[in-house]
Amino acid sequence: MTGYYRIDMECNEARRVVALWESGAEFDDFEARKVYEHVASCPSCHVSCSAFLILFSGRCIREDSTPSPAARFLADRVMSEIEGEKSPSVRKGPRKIVGPLLAAGLAACVILVAGIGWRNATTVEVRFVLDAPGANSVFLAGTFSSWEPEGLPLRRRADGLWERRVRLRSGRMYTYNFVLDGTSWIADPGAPEQVDDGFGGESSLIRL
Amino acid sequence: MSQVDLDEEDVRVVHRCLGGDSQAFRAIVLKYGDRMLSFCRSRSSTEEDAADLAQETFVRAFRSLGAFRLGSSFASWLFAIAANRTRTGWFRRTMEAAKAARVGAETAMNPGEDPEDLALRRLEGERVRLAVASLAADLRSTLELYYFAELSVGETAEALGVGEEAIKSRLFRGRKKLREILESRN
């Protein structure tokens, strides 16, 4: 009977802590691991604490850094694919930042930060403009929108250019793309810097 | 930008790769492989898709190493590549086509485990992952990077280009929302 009581108490305590966590309370990996040990080994707690169990499975299982067989197999696959490739080299430094007036003169795609936009201690209004006469829709996707492809639509102005204003925090840098007709991800040709997007294309980079 | 602890080991490996020692990259894959697989499972329909996405991410990271800014978090950069990859139309279509086949890989069977219990756990794993996938994009990406990719709050902030307070808020709101979703589906 002693054993049953002890298990019941563990279940109650584990579920109480997990309920607090689900309600927003924080706890560190050490605390999580203690609760996880019980939940993972207790069939009756599997269901009631499933969200905790799934979300913390990685942090709690991988106490040491020994790669799993799956990770070792993955390493073999990756190294096999890149075998014989030339080593990557450091890219040339970012292009010189084009001043707002010069960028506007290009009349293709410009970001206006200061001057036309406004700025205070923490936020900057950035105006994204794109000349894409053949597009039916244009969206802005970037690190400021979790790269959501349809999160920030641009509107077509009377002069045909697409425009969107976004307030961003100053002192940060952001990468972004324009998404044309839901399929084509293009870099901003008027942005001061372009960076590799990791997929064979480019994203644009701004520093505010 | 957010303050993160820079991993000197990562920096050393990147330097070696850039210096011509491509084989050094294996250490990166071994170090982040399990976390990458866990993250990719959250965005994939099958174990095979997750492994393919993880492989593709590492290969692209290798080829883009020259663009990595020494001084920033390698983990943030690496998982930002993975997260970006999943935003393409091709990826979304592929995932939707095979959504039904997804199985929670974290529910690997332990020796002596009851098959019925294992099946129940897999169903629960799938239920939670679907609930996470149904969250708003900002909450979903935050939870996936923090819990599945095991990034710190600072690293998650850097990967998503937002502040640490925003990440803490999203984690808080994400867990609450997750609970609501799971309770409503019971």
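The exercises below, each with a worked solution, concern a predicted model of two protein chains, A and B.

Residues are numbered from 1 along each chain as its sequence is written, while chains are lettered from A and ligands numbered from 1 in the order in which they are written. Because the model is predicted, local features need pLDDT of at least 70 and side-chain atom pairs count only at pLDDT 80 or more, whereas totals for chains, interfaces and linings use all residues; side-chain values use heavy atoms, with hydrogens and water left out.

**Exercise 1. Describe the secondary structure, burial and surface of each chain.**

Step 1. Helices (H or I, at least four residues) and strands (E, at least two) are taken as DSSP runs, numbered from the N terminus. On this basis chain B has 9 helices and 0 strands, which read along the sequence as α-α-α-α-α-α-α-α-α, and chain A has 7 helices and 10 strands.

Step 2. A residue is called buried under 20% relative accessible area, exposed over 50% and partly exposed in between (1.4 Å probe, protein chains only). Buried residues make up 58% of the 186 residues in chain B and 47% of the 208 residues of chain A.

Step 3. With contact meaning heavy atoms within 4.5 Å, consider the contacts with a separation of 6 or more: residues 24 or more positions apart account for 65% of them in chain B and for 60% in chain A.

Step 4. Accessible areas, from the Shrake-Rupley method with a 1.4 Å probe and, for residues, only the protein chains shown counting as cover, come to about 7,800 Å² for chain B, with 50% belonging to carbon and sulfur atoms, and to about 11,100 Å² for chain A, where carbon and sulfur atoms supply 56%.

**Exercise 2. Characterise the interface between chain A and chain B, and state which element of chain A gives the most residues to it.**

Step 1. The size of an interface is often given as the accessible area lost when the parts come together. Here the buried area (the accessible area, 1.4 Å probe, that two parts lose on being put together, summed over both) is about 5,700 Å², of which carbon and sulfur atoms give 56%.

Step 2. In terms of contacts, 62 residues of chain A meet 66 residues of chain B.

Step 3. A polar contact is a pair of N or O atoms within 3.5 Å; within protein, one must be able to donate a hydrogen and the other to accept it, and residues adjacent in sequence count only if both atoms are side-chain atoms. Between the chains, 8 residue pairs are in polar contact, both residues being at pLDDT 80 or more.

Step 4. Several elements of chain A each supply at least two residues of the side that touches chain B, among them α1 (2–22), β7 (173–180) and β10 (202–207). The most comes from α6(A), with 11 residues.

Step 5. The residues on this side of chain A divide into 29 nonpolar, 17 polar and 16 charged, where Ala, Val, Leu, Ile, Met, Phe, Trp, Tyr, Cys and Pro count as nonpolar, Asp, Glu, Lys and Arg as charged, and the others, Gly among them, as polar.

**Exercise 3. Locate the salt bridges that cross the interface.**

Step 1. Side chains of opposite charge can pair when their charged atoms come close. The rule requires a side-chain nitrogen of Lys or Arg within 4 Å of a carboxyl oxygen of Asp or Glu, and it finds 21 salt bridges over all chains, with 5 across the interface of chain A and chain B.

Step 2. One of them pairs A:Asp76 with B:Arg26 at 2.9 Å, N to O.

Step 3. Another joins A:Glu85 to B:Arg63, with the closest N and O atoms 2.5 Å apart. A:Glu85 lies in the loop between α6 (69–82) and α7 (100–106) of chain A and B:Arg63 in helix α3 (residues 47–63) of chain B, so the pair joins two chains. A:Glu85 is partly exposed at 24% relative accessibility, and B:Arg63 is also partly exposed, at 42%.

**Exercise 4. Trace the surroundings of helix α7 of chain B, including B:Thr142.**

Step 1. B:Arg170 and B:Asp138 form a salt bridge at 4.0 Å, N to O. Since B:Arg170 lies in helix α9 (residues 164–184) and B:Asp138 in helix α7 (residues 137–148), the pair ties together parts that are 32 residues apart in sequence. B:Arg170 is buried at 10% relative accessibility, whereas B:Asp138 is partly exposed at 25%.

Step 2. B:Arg140 and B:Glu144 form a salt bridge at 2.9 Å; they are 4 residues apart in helix α7, about one helical turn, and both are buried.

Step 3. B:Thr142, also in helix α7, is buried with a relative accessible area of 0%. A polar atom of its side chain lies 2.7 Å from the backbone oxygen of B:Asp138, and, neighbours within four places in sequence aside, B:Thr142 is in contact with B:Thr156, B:Leu160, B:Ile167, B:Arg170 and B:Leu171.
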